[in-house]
Amino acid sequence: MAIETVSTNKAFGGVQGVYRHASAETGTDMTFAVYVPPLEDGAKLPVLWYLSGLTCTHANVMEKGEYRRICAELGVIFVCPDTSPRGDTVPDDEGYDFGKGAGFYVDATEDPWATNFRMYSYITKELPGIIAANFPADVDRQSITGHSMGGHGALTIALNNPDRFRSVSAFAPISSPLNCPWGEKALSGYIGANRADWRAYDTTALIEDGARVAEILVDQGDADNFLAGQLKPELLAAACEKAGIPLTLRMQPGYDHSYFFISSFMEDHVRWHAERLG
């Protein structure tokens, strides 16, 4: 579980670091960012995972997410993984919505993707071990959030691992990959033509099939150009209502899909998670 330190910077009394390690799951080097707030010697702090969206790396939220001040205030470690394996030997696609930068947080079963594109296992198994071994993380107090494709990842991972995360939220998540062009392209390519196999990676389908979490917070801009065609929060709302899952869906007037939107509500999400992390 050795890691290489790429860079560290002091911020709000804590340390913003970027790290690299050789991943057994993806068969590549993987880079991730971690913010550790100021803490007393020997202390263990709760962890908030943030999963990024299409085309992003760890750097997008690290540079634009504006989470450090509130994480320092509340004593929350913030973990920012990459969105896919990287490297010259990793297969890719010409589109921005498939291949490198678009791992969709699934374990691919179709060639040539199956060898490297194991982002579900990387996020749920390998990287948590790296974080626990190298940072002052309280492994019993973890929560997860994400944006767009990463919102899809956060919700599906939380639903598939209800005992792992104390809370889950999302910014403009892809609510049902089964019912949007992004999801149909990604899941057919990574998982194959059998749509029944996709349901394990679809938030709405997971809830319909019996998966449960205590509650969900979602922020969505009503000026998001992907709202109607790709994100479809109304499908998530209907599934939650039928299942009895409390969903706070906040439609934010005038906000788009960008990090201007995410950074505007990041503090709300960190505070919401911190209350549930204890």
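Of the 278 residues in this protein, 59% are buried. Before going on, note that this is a predicted model.

Start with the overall build. The secondary structure consists of nine helices and nine strands. The C-alpha trace spans about 50 × 40 × 35 Å along the principal axes. The radius of gyration is 17 Å, and since a compact globule of 278 residues would have one near 19 Å, the value agrees with that picture.

On contacts: take pairs of residues at least 6 apart in sequence, and 71% of those contacts join residues at least 24 apart.

Now the surface. The accessible area is about 11000 Å², and carbon and sulfur atoms account for 48% of that. As for charge, the protein has 22 positive and 36 negative charges. How far apart are the mean positions of the two sets? They are 3 Å apart.

I will finish with one residue, glutamate 184. This residue sits in helix H5, which covers residues 181-191. Is glutamate 184 buried, partly exposed or exposed? Its relative accessibility is 34%, and buried would need under 20% while exposed would need over 50%, so glutamate 184 counts as partly exposed.

Which residues does glutamate 184 touch, once neighbours within four places in sequence are set aside? The contacts are Pro177, Leu178, Arg195 and Trp198. For the last of these, tryptophan 198, there is also a backbone distance: the C-alpha atoms of glutamate 184 and tryptophan 198 are 9.2 Å apart, with the two residues 14 apart in sequence.

How values were computed: Residues are numbered from 1 along each chain as its sequence is written. This is a predicted model: local features need pLDDT of at least 70, side-chain atom pairs count only at pLDDT 80 or more; totals for chains, interfaces and linings use all residues. Side-chain values use heavy atoms; hydrogens and water are left out. Helices (H or I, at least four residues) and strands (E, at least two) are DSSP runs, numbered from the N terminus. The radius of gyration is taken over C-alpha atoms; the globule rule is 2.2 Å times the number of residues to the power 0.38. Buried means under 20% relative accessible area, exposed over 50%, partly exposed in between (1.4 Å probe, protein chains only). Contact means heavy atoms within 4.5 Å. Accessible areas come from the Shrake-Rupley method with a 1.4 Å probe; for residues, only the protein chains shown count as cover. Lys and Arg count as positive and Asp and Glu as negative; His and the chain ends are not counted. The place of a charge is taken as NZ of Lys, CZ of Arg, CG of Asp or CD of Glu.
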